[in-house]
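Here's a quick tour of a structure you may want to have open while you read. We'll go through ring contacts, backbone oddities and how far to trust the coordinates.

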Amino acid sequence: MGNEYIERIAKIRKEQGYSQKDIAEKLNTTQQQYAKYENGVQEIPARRLIELAKIFDVSIDYIVCLTDDKTKKW
């Protein structure tokens, strides 16, 4: 998995009108920690990818750029 997913989570977040702080609160973490994910400073753990897919209501495959189809397959 390349770094394309980093850009994608920021894009999805902005499209849905969330701030980094909003998402951090939903993940029960700090804005600073979430910013590390979006800036590529820290890898996003699998459990966080699952949570982000649920928050954004998209598939994990979409988040990690394996597809351009946002539809959940689960």
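R8 sits over the face of Y62, 4.1 Å from the ring centre. Keep in mind that this is a predicted model, so these contacts come from computed coordinates, with local features needing a pLDDT of at least 70. Beyond that charge-over-ring contact between R8 and Y62, the structure also has two aromatic pairs.

**Aromatic pair Y18 and F56**

- Y18 and F56 make a tilted pair, because their planes meet at 50° and their ring centres are 6.3 Å apart.
- What does this pair tie together? Y18 is in the loop between α1 (4-15) and α2, while F56 belongs to helix α4 (residues 46-56), so the contact links parts that are 38 residues apart in sequence.
- Is F56 buried or exposed? F56 is buried, because its relative accessible area is just 2% and the cut-off for buried is under 20%.
- Y18, on the other side of the pair, has a relative accessible area of 22%, so Y18 counts as partly exposed.

**Aromatic pair Y34 and Y37**

- Y34 and Y37 pair up edge-to-face, with 6.2 Å from centre to centre and 85° between the planes.
- These two are three residues apart in helix α3, so about one helical turn separates Y34 from Y37.
- Both Y34 and Y37 are buried.

**Backbone oddities**

- Most residues other than glycine have a negative phi, so a positive value is worth a look.
- N28 is one such case: its phi is positive, at about 60°, and it isn't a glycine.
- You'll find N28 in the loop between α2 and α3 (31-38).
- N28 is exposed, because its relative accessible area comes to 72%.
- C65 also has a positive phi without being a glycine, at about 65°.
- Where does C65 sit? C65 is in the segment after α5.
- C65 is partly exposed, because its relative accessibility is 29%.

**How far to trust it**

- The chain has an average pLDDT of 92, and 93% of the residues score at least 70.
- Which helix has the highest confidence in the chain? Helix α2 (residues 20-26) does, at a mean of 98, whereas confidence is lowest in helix α5 (residues 60-63), at 92.
- Where pLDDT is low, don't read the predicted coordinates in detail.

Key
Residues numbered from 1 in each chain as written. Predicted model: local features only at pLDDT ≥ 70, side-chain atom pairs only at ≥ 80, totals over all residues. Heavy atoms only, no water. pLDDT = per-residue confidence, 0-100. Helix = DSSP H or I, 4+ residues; strand = E, 2+ residues; numbered from the N terminus. Buried < 20%, exposed > 50% of the residue type's maximum accessible area, 1.4 Å probe, protein only. Phe/Tyr/Trp six-rings, centres within 6.5 Å; stacked < 30°, edge-to-face > 60°. Lys NZ or Arg CZ within 6 Å of the ring centre and 35° of its normal.
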